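Visitor: I am new to this structure and would like a close look at a single part of it. Please take me through that part slowly, and then show me what lies around it.

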Amino acid sequence: MTERVLVIPCSGIGKPFGSIGRDATFRVVDELRRGRAETNCLSLLVTGDEEAVRQVKDSLCIAVDGCPMECARKNIEMAGGVVAAHMRVMDLLRENRGLRPREVTFLDGDGEKLSAILADRIAAKVDELTEARR
Amino acid sequence: MKLRPKVGVVSCSGECCGLGTLSRVATRLILEGVRPETVTLCLPLFLAGDSGEREFAQRFPTIPVDGCHKQCAKKAIEKYSGPTAADVDVEALLNKWGVEAPADRRVLDKADVELAERVAEEIAKRIDWVQGGWDA
């Protein structure tokens, strides 16, 4: 089992929710928990890339899903990985009804706010999983 | 009378680097204005869920937009739905143009957005070519 936590977003492209999950993931792996969390292409799992499958099997994974199809969680599990935590953007929207993200390509203000909230939660989960392993 | 089929565009998810973000943004620019009649499909759904994605790609011409040479979108479409109508390899395009990939995978700067627009033009050329082949 690797030391780093693997965060995999669905990167859904049709609605803002996938963009929010993707953006939040990058905030975590490139800024908030750089060096302690990493990500990889969900597409590689979809195509059965051996290296990606091995990485998923060897890591504690956090799935970040935009919509109820839960593609990130399902693809991690299909690859034989363990989903240690599951974050859903739809849940976040229910908790923050005042925020209404509309833009997909480049997040608008509400999308950025939701991304920041989600990133903090993912970062906290990374800490929790890392601590639990010690 | 000219019959033009719907065309699907499938971007790789490309979380590993700026090339994936470029593919994704270029694909979105197609939908948002360059060729708004186009349909996009979520690549992870090919494996994980709604079989409608696979069926669409079986029935309509579909163009994968891949960030890197691994060409995950193209491979997934070929695996689950059959041959692609055309394809875009963003890494190869950037090599051909002699330009660097975006340094930041989360936030694209002005030059990166202009690059995404250029990639979108390449996607549009392939859409036009595919639809041209269907003229009746």
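Which elements make a right-handed β-α-β unit in chain A?

Guide: Before the answer, please keep in mind that this is a predicted model. The right-handed β-α-β unit is made by strand E3, helix H4 and strand E4 of chain A, and strand E3(A), which covers residues 60–65, is a good place to begin.

Six of the six residues of E3(A) are buried, so this strand is largely enclosed by the rest of the structure. The burial holds for both faces of the strand: A:Leu60, A:Ile62 and A:Val64 point one way, while A:Cys61, A:Ala63 and A:Asp65 point the other way, and all are buried.

The strand also has partners to pair with. Strand E1 of chain A, residues 5–9, pairs with E3(A) in the parallel sense over five bridges, and within this pairing A:Leu6 has A:Cys61 as its bridge partner. Strand E4 of chain A, residues 82–88, runs parallel to E3(A) and is joined to it by six bridges; here A:Asp65, one of the buried residues of E3(A), has A:Arg88 as its bridge partner.

The helix of the unit, H4(A), leads outward to the other chain. In total, 28 residues of chain A are in contact with 30 residues of chain B. Helix H4 (71–78) is among the elements that give two or more residues to the side of chain A that touches chain B, together with helix H1 (16–32) and helix H2 (42–46) of chain A. Of these, H1(A) gives the most, with six residues. Sorted by class, that side of chain A has 13 nonpolar, ten polar and five charged residues.

Chain B, for its part, has an open sheet of four strands in the order E2-E1-E3-E4, with parallel pairing. The edge strands of this sheet are E2 (39–40) and E4 (88–89) of chain B, each of which pairs on one side only. Strand E1 of chain B, residues 8–11, runs parallel to strand E3 of chain B, residues 62–66, and four bridges join them; in E3(B), B:Pro64 is the bridge partner of B:Val10. Helix H6 of chain B, residues 110–132, packs on the sheet and touches E1, E3 and E4 of chain B, with its direction making about 165° with that of E3(B).

Notes:
Residues are numbered from 1 along each chain as its sequence is written. Chains are lettered from A and ligands numbered from 1 in the order in which they are written. This is a predicted model: local features need pLDDT of at least 70, side-chain atom pairs count only at pLDDT 80 or more; totals for chains, interfaces and linings use all residues. Two residues are in contact if their C-beta atoms, placed from the backbone, lie within 7 Å. Ala, Val, Leu, Ile, Met, Phe, Trp, Tyr, Cys and Pro count as nonpolar, Asp, Glu, Lys and Arg as charged, and the others, Gly among them, as polar. A residue is buried if 20 or more other C-beta atoms lie within 10 Å of its own, exposed if 12 or fewer, and partly exposed in between; C-beta atoms are placed from the backbone. Two strands pair if DSSP finds at least two bridges between them. A crossover is right-handed if, with the strands pointing away from the viewer, the path from the first strand over the helix to the second runs clockwise. Axes are lines fitted to C-alpha atoms, for helices over the stretch in contact, and angles run from 0 to 180 degrees between N-to-C directions.
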